[in-house]
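These are my notebook entries on one chain, written down in the order in which I looked things up. I put a question to the structure where I had one and then wrote out what I found.

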Amino acid sequence: MSAIFLASNLSGQNLSVVDSLESLYTKGVESDVELHILNKLIIKLTDSDKKLDYSQKLIDLSLEKDSTQYLYSAYLERGNAFFYKGEMTSAIESFIESAEIARKEANERRLGTSFQSIALV
């Protein structure tokens, strides 16, 4: 019984965080802060359609601001959203994009995460 309560409580806390992040994002903030908020938002979101929408916004802004850190995260989370929607080809394509970014940065940890995500599909 307490496990069910704990799980629902954690889920409720996550929704509260997501709501707060969405509220901050829609109010409009500086672009550097916007990158950070969008990144936190796509990581916390459980709604795949919203995760796809915000991931694309983060991809666009990351390209505009030349931020490979956030670009990597956006492609990885977009891949996760496609995975949970059952769109495996799109998931793999997004994970490959994240792997390419990690490879160009010579970031082995991120490259490993991308490969691991690909392997799970």
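**Entry 1: α5**

Which residues are buried in α5? I looked this up in a predicted model, and I found Ala91, Ser94, Phe95, Ser98, Ala99, Ile101 and Ala102 buried there. They cover an arc of only 160° around the axis, which puts them on the same side of α5. I recalled that an α-helix has 3.6 residues a turn, so residues three or four places apart point the same way. On the other side of α5, I noted that Thr89 and Lys104 are exposed. I then looked for what covers the buried residues of this helix, and the cover includes α4 and α6. For the length, I noted that α5 has 18 residues and reaches 26 Å from its first C-alpha to its last, close to the 26 Å expected at 1.5 Å a residue.

**Entry 2: the whole chain**

I stepped back to the chain, whose secondary structure comes to six helices and zero strands, and from the N terminus on I read the elements as α-α-α-α-α-α. Of the 121 residues, 36% count as buried. The chain exposes about 7,300 Å², and carbon and sulfur atoms supply 53% of that area. Among contacts between residues at least 6 apart in sequence, I noted that 48% join residues at least 24 apart.

**Entry 3: the largest nonpolar core**

Which residues touch the most other members of the largest nonpolar core? Of its 22 residues, I found these to be Tyr54 and Leu58. The elements that give two or more residues to this core are α2 (31-44), α3, α4 and α5, and α4 gives the most, with eight residues. I followed leucine 58 further and, not counting residues up to four places away in sequence, found that it touches Leu35, Leu38, Asn39, Ile42, Tyr70 and Ala74.

**Entry 4: α4**

I turned next to α4, where the 18 residues should span 26 Å at 1.5 Å a residue, and the end C-alpha atoms are 26 Å apart, which agrees. The buried residues of α4 are Tyr70, Leu71, Tyr72, Ser73, Ala74, Tyr75, Leu76, Glu77, Arg78, Gly79, Ala81 and Phe82, and I noted that the charged residues Glu77 and Arg78 are among them. Just after α4, glycine 86 takes a positive phi of about 85°.

**Entry 5: lysine 51**

Is lysine 51 buried or exposed? I placed this residue in helix α3, and at 8% relative accessibility lysine 51 counts as buried, the cut-off being under 20%. Leaving aside neighbours within four places in sequence, I found lysine 51 in contact with Ile42, Ile43, Leu45, Glu77 and Ala81. Of these partners, Glu77 and Ala81 are listed among the buried residues of α4. I also noted that the C-alpha atoms of lysine 51 and leucine 41, ten residues apart along the chain, are separated by 8.0 Å.

**Entry 6: positive phi in two loops**

I kept in mind that most residues other than glycine have a negative phi. Where does aspartate 66 lie? I found aspartate 66 in the loop between α3 (48-65) and α4 (68-85), with a phi near 55°, a positive value in a residue other than glycine. Aspartate 66 is exposed, with a relative accessible area of 67%. I then looked up alanine 106, which lies in the loop between α5 (88-105) and α6 (108-120), and its phi is also near 55° and positive. With a relative accessible area of 65%, alanine 106 is exposed.

**Entry 7: aromatic rings**

How many aromatic pairs does the count come to? I found one aromatic pair. The rings of phenylalanine 83 and tyrosine 84 have their centres 5.3 Å apart and their planes at 80°, so the pair is edge-to-face, as planes over 60 degrees apart are counted that way. On accessibility, I noted that phenylalanine 83 is partly exposed, with a relative accessible area of 27%, whereas tyrosine 84 counts as exposed at 64%.

Key
Residues are numbered from 1 along each chain as its sequence is written. This is a predicted model: local features need pLDDT of at least 70, side-chain atom pairs count only at pLDDT 80 or more; totals for chains, interfaces and linings use all residues. Side-chain values use heavy atoms; hydrogens and water are left out. Rings of Phe, Tyr and Trp (its six-membered ring) pair if their centres lie within 6.5 Å; planes under 30 degrees apart count as stacked, over 60 as edge-to-face and the rest as tilted. Buried means under 20% relative accessible area, exposed over 50%, partly exposed in between (1.4 Å probe, protein chains only). Helices (H or I, at least four residues) and strands (E, at least two) are DSSP runs, numbered from the N terminus. A nonpolar core is a set of buried Ala, Val, Leu, Ile, Met, Phe, Trp, Tyr and Cys residues joined through side-chain atoms within 4.5 Å. Contact means heavy atoms within 4.5 Å. The expected span of a helix is 1.5 Å times one less than its number of residues. Accessible areas come from the Shrake-Rupley method with a 1.4 Å probe; for residues, only the protein chains shown count as cover. The arc is that of the directions from the helix axis to the C-beta atoms.
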